[in-house]
Amino acid sequence: MQAEWTEGAIQQITKENTLKQRVRQRTTDNRALHERLKAARSNLRFQDRRVADLEARIAEPAPKS
């Protein structure tokens, strides 16, 4: 059986495939950005704890000799 494709059908399929490819790429990009955001938030929490620790150490009275 030989299928005959009209120019319109070919263009529609091409358009749909292009859109699907763009959606896949955007999904991949979104995942990568989400992971980077997650890592940045984790780093920020670590830095906040480190700053709080340093501030607490500065606020402690110096040991008497």
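Glu60 is exposed in this predicted model, because its relative accessible area of 51% passes the cut-off of over 50%. Glu60 belongs to the segment after helix 1, and helix 1 itself covers residues 7-59. Seen from Ile10, which precedes Glu60 by 50 residues along the chain, the C-alpha atom of Glu60 lies 75 Å away.

That separation can be set beside the overall dimensions of the protein chain. The C-alpha trace spans about 100 × 20 × 10 Å along its principal axes, and the chain contains one helix and zero strands. Its radius of gyration is 28 Å, whereas a compact globule of 65 residues would have a value near 11 Å.

Burial is the next point to consider. Of the 65 residues in the protein chain, 0% are buried, and the accessible surface comes to about 6,700 Å², with carbon and sulfur atoms accounting for 54% of that area.

Part of this surface is a nonpolar patch formed by Trp5, Ile10 and Ile13, which together have about 300 Å² of accessible area. Ile13, a member of the patch, sits in helix 1, and with a relative accessible area of 34% Ile13 is classed as partly exposed, because that value falls between the limits of 20% for buried and 50% for exposed residues.

As for charge, the protein chain carries 14 positive and 9 negative side chains, and the centres of these two sets are 4 Å apart.

How values were computed. Residues are numbered from 1 along each chain as its sequence is written. This is a predicted model: local features need pLDDT of at least 70, side-chain atom pairs count only at pLDDT 80 or more; totals for chains, interfaces and linings use all residues. Side-chain values use heavy atoms; hydrogens and water are left out. Patches are made of residues with over 30% relative accessible area and no salt bridge: like charges are joined within 9 Å, nonpolar side chains (Val, Leu, Ile, Met, Phe, Trp, Tyr) within 5 Å. Accessible areas come from the Shrake-Rupley method with a 1.4 Å probe; for residues, only the protein chains shown count as cover. A salt bridge is a side-chain nitrogen of Lys or Arg within 4 Å of a carboxyl oxygen of Asp or Glu. Helices (H or I, at least four residues) and strands (E, at least two) are DSSP runs, numbered from the N terminus. Buried means under 20% relative accessible area, exposed over 50%, partly exposed in between (1.4 Å probe, protein chains only). The radius of gyration is taken over C-alpha atoms; the globule rule is 2.2 Å times the number of residues to the power 0.38. Lys and Arg count as positive and Asp and Glu as negative; His and the chain ends are not counted. The place of a charge is taken as NZ of Lys, CZ of Arg, CG of Asp or CD of Glu.
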